[in-house]
Amino acid sequence: MANSVSFLLVLSLLAFAPCCLCHKKLGGYLYPQFYDFSCPRAQEIAKSILAKAFEKEPRIAASLLRLHFHDCFVKGCDASLLLDSSGSIVSEKGSNPNRNSARGFEVIDEIKSALEKECPHTVSCADILAIAARDSTVITGGPSWEVPLGRRDSLGASLSGSNHNIPAPNNTFQTILTKFKLQGLDIVDLVALSGSHTIGNSRCTSFRQRLYNQTGNGIADFTLDQNYAAELRSRCPRSGGDQNLFFLDYVTPFKFDNSYFKNLLAYKGLLNSDEVLLTKNQESAELVKNYAENNDLFFEQFAKSMIKMGNIYPLTGSRGEIRTNCRRINAY
């Protein structure tokens, strides 16, 4: 009897073994408890550092959320964006979507440094980006979610991928949707994740064409509220002022909510890539209306879509590495 009980116990343990070990042996999968034993305070430490950075500069939340997005759309969520140029690596920081606009790297560095002290060679930079994106959403009043973890860091970057894969403010609706679909995301993800523009800023150079020359005929974008357009022109001239900053959501610029979608319905979306969600596709327009009416629905879908985006081609198992410094690959 004792032998049969022991045999059953072994069988039951073996049944669970693949779940515990496959992230090491088979390339694996992501799960929220990944650091529960190897670095149990990892998320607590990251959250604390981000909170201090946010206190100094509330804008940092949107910047960190954007870093995760710009990382995942190029080679997957592998922290390739964080690499500086060195040797054969040409940094993604110099790409059109990131140059003079991607920011928040110092906060990631600070989190990484603290985690290296707490548990050396354990928590990846890619996971830090995913955690920081969630915490940035929460600290501004948005939804929370359990972040699946276990990503590893890339051994290279892709400047061309950064230039071509990340949706641009002046892309057509179809181009933006195609770029999302190439990452395994759909139209629901596109609209929900665009809702991250409820916080943060954009530069004059990113929407100037809407104010003066939307289609190349010297005429402003007719889908932009004309009073709002006049207000924008006062600080975004035809030439000069490229780096002047404007709130993406002028109503509640530091609060994560559904005001962004309400603004779109009033034709007061700042970027062309925002407003086309309402004006160029019936399905996305319905989603905009639904989220404008129901903040809870938006929050629920945003969390789901962030988890889905965070699962784009992660490096797991023995692929990639755990960088000790997020800005460069390890020296071997």
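A disulfide here is a pair of cysteine sulfur atoms within 2.5 Å. By that rule this predicted model has 4 disulfides. Counted along the chain, the bonded cysteines pair as 1-4, 2-3, 5-8, 6-7. The tour visits three of these links, then the nonpolar cores.

**Stop 1: Cys39 and Cys119**

Select Cys39 and Cys119. Their sulfur atoms sit 1.8 Å apart, and the two form a disulfide. Now show the helices around them. Cys39 is in the loop between helix H1 (2–25) and helix H2 (42–56). Cys119 is in the loop between helix H4 (105–118) and helix H5 (125–139). The link spans 80 residues of sequence and connects distant parts of the chain. Turn on a surface and check both ends: Cys39 and Cys119 are buried.

**Stop 2: Cys72 and Cys77**

Next, select Cys72 and Cys77. A disulfide joins them, with an S to S distance of 2.0 Å. Check the torsion about the S-S bond. It is about 120°, so this disulfide is right-handed. Are these two cysteines buried or exposed? Cys72 has 0% relative accessibility, so Cys72 counts as buried. Cys77 is also at 0% and is buried.

**Stop 3: Cys125 and Cys326**

Move to Cys125 and Cys326. This disulfide has its sulfur atoms 2.1 Å apart. The torsion about its S-S bond is -95°, and the link is left-handed. Where do the two ends lie? Cys125 belongs to helix H5, while Cys326 is in the segment after helix H14 (295–309). The pair therefore ties together parts that are 201 residues apart in sequence. Cys125 is buried at 0% relative accessibility. Cys326, at 1%, also counts as buried.

**Stop 4: the largest nonpolar core**

Leave the disulfides and select Ile108 and Phe261. Both belong to the largest nonpolar core, which has 73 residues. Of these residues, Ile108 and Phe261 touch the most other members. Which helix gives the most to this core? Color H5: it contributes 8 residues.

Stay on Phe261 and show its surroundings. Set aside the neighbours within four places in sequence. Phe261 is then in contact with Val191, Gly195, Val288, Tyr291, Ala292 and Phe298.

**Stop 5: the second core**

Finally, select Cys204, Phe207, Leu211 and Tyr228. These are among the members of a second, separate core of 13 residues. Show this core beside the largest one, with Ile108 and Phe261 still marked as the residues that touch the most other members there.

Note on methods
Residues numbered from 1 in each chain as written. Predicted model: local features only at pLDDT ≥ 70, side-chain atom pairs only at ≥ 80, totals over all residues. Heavy atoms only, no water. Helix = DSSP H or I, 4+ residues; strand = E, 2+ residues; numbered from the N terminus. Buried < 20%, exposed > 50% of the residue type's maximum accessible area, 1.4 Å probe, protein only. Core = buried A, V, L, I, M, F, W, Y, C linked by side-chain atoms within 4.5 Å. Contact = heavy atoms within 4.5 Å.
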